[in-house]
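Reader: Hi! I have a structure to look at for class, and I'd love some company while I go through it. Can I show you?

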Amino acid sequence: MKDFAAIDFETANEQPSSICSVGVVIVREGKITDSFYSLIRPEPQYYKWFCQRVHGLGPKDTEKAPVFPHVWKKIGPLIEGLPLVAHNSRFDEGCLKAVFRVYQMDYPEYIFHDTLTASRRHFGRCLPNHQLHTVAAACGYDLVNHHHALADAQACAAIAMKLFQNL
């Protein structure tokens, strides 16, 4: 697989629709050609301490941020026709479907591929765990600023370029 979009969401609370940031990395012909990052005013609009502890974002960061539909108007054309790749894609796909429902948007049935599953298949028990930063390092990528949506999408893209070469 040489053409895809790696995507990562961070959420404000336990609700999958509460996306507060998104990172997207576009890969064409096996090379990164574009990227996108945005803060998003979450829905519902409140933060849980455990989410803030993970990604460091809070209400002041997103109080003036655009709502999801405005951000997706920019992302949609970037990813059109591309499969989506995420590390633990069940989470990111679930967030995307949930926020589309909240805003009553038509969901285009994106195709997701999961680098977490690919890592477990490829590395098996050779790694201590299959967390994003561990798998990225095993693929020769130094993940800096883990849990920043764009940094995580970049790491996911690097993993996918390594593990999905033959798809």
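Reader: Let's start with one residue: where is His-147 found?
Author: Happy to help! This is a predicted model. In it, His-147 sits in the loop between α6 (132-138) and α7 (149-163).

Reader: Okay, and what is phi of His-147 near?
Author: Phi of His-147 is near 80°, a positive value in a residue other than glycine. Most residues other than glycine have a negative phi.

Reader: Which other residue that is not a glycine has a positive phi?
Author: Glu-29 has one, of about 55°. You'll find Glu-29 in the loop between β2 (19-28) and β3.

Reader: Does "exposed" or "buried" fit Glu-29?
Author: Exposed, because its relative accessibility is 60% and the cut-off for exposed is over 50%. His-147, at 29%, is partly exposed.

Reader: Cool. New topic: which peptide bond is cis?
Author: The one from Glu-43 to Pro-44, with omega near 5°. Pro-44 is placed in the loop between β3 (31-39) and α1. Most peptide bonds are trans.

Reader: Now pockets! How much space lies in the largest pocket?
Author: About 360 Å³. It is lined by 17 residues, and the closest to its centre are Asp-8, His-87, Phe-91, His-147 and Asp-152. So our His-147 turns up again here.

Reader: Which elements give two or more residues to that lining?
Author: Those are β1 (4-11), α1 (49-55) and α4 (89-102). By class, the lining has 6 nonpolar, 7 polar and 4 charged residues.

Reader: What about salt bridges, how many does a search of the whole structure find?
Author: Just 1. Glu-93 pairs with Lys-97, and their closest N and O atoms are 3.4 Å apart. Side chains of opposite charge can pair when their charged atoms come close.

Reader: Where do Glu-93 and Lys-97 lie?
Author: Both are in helix α4, 4 residues apart, which is about one turn of the helix. Lys-97 is partly exposed, with a relative accessible area of 29%.

Reader: Last thing, zooming out: how many helices and strands does the chain have?
Author: There are 7 helices and 5 strands. From the N terminus they run β-β-β-α-α-α-β-α-β-α-α-α.

Reader: And what is the radius of gyration of the chain?
Author: The chain has 15 Å, and a compact globule with 167 residues would be near 15 Å, so the two agree. Buried residues make up 50% of the chain's 167 residues.

Technical notes: Residues are numbered from 1 along each chain as its sequence is written. This is a predicted model: local features need pLDDT of at least 70, side-chain atom pairs count only at pLDDT 80 or more; totals for chains, interfaces and linings use all residues. Side-chain values use heavy atoms; hydrogens and water are left out. On a 1 Å grid over the protein atoms alone, a cavity is a set of points where a 1.4 Å probe fits but cannot get out, and a pocket is an open set with protein on both sides within 12 Å along at least five of seven lines; lining residues have an atom within 4 Å of a point. Grid points are joined across faces, edges and corners, and a volume is the space filled by probe spheres set on the points. Ala, Val, Leu, Ile, Met, Phe, Trp, Tyr, Cys and Pro count as nonpolar, Asp, Glu, Lys and Arg as charged, and the others, Gly among them, as polar. A salt bridge is a side-chain nitrogen of Lys or Arg within 4 Å of a carboxyl oxygen of Asp or Glu. Buried means under 20% relative accessible area, exposed over 50%, partly exposed in between (1.4 Å probe, protein chains only). The radius of gyration is taken over C-alpha atoms; the globule rule is 2.2 Å times the number of residues to the power 0.38.
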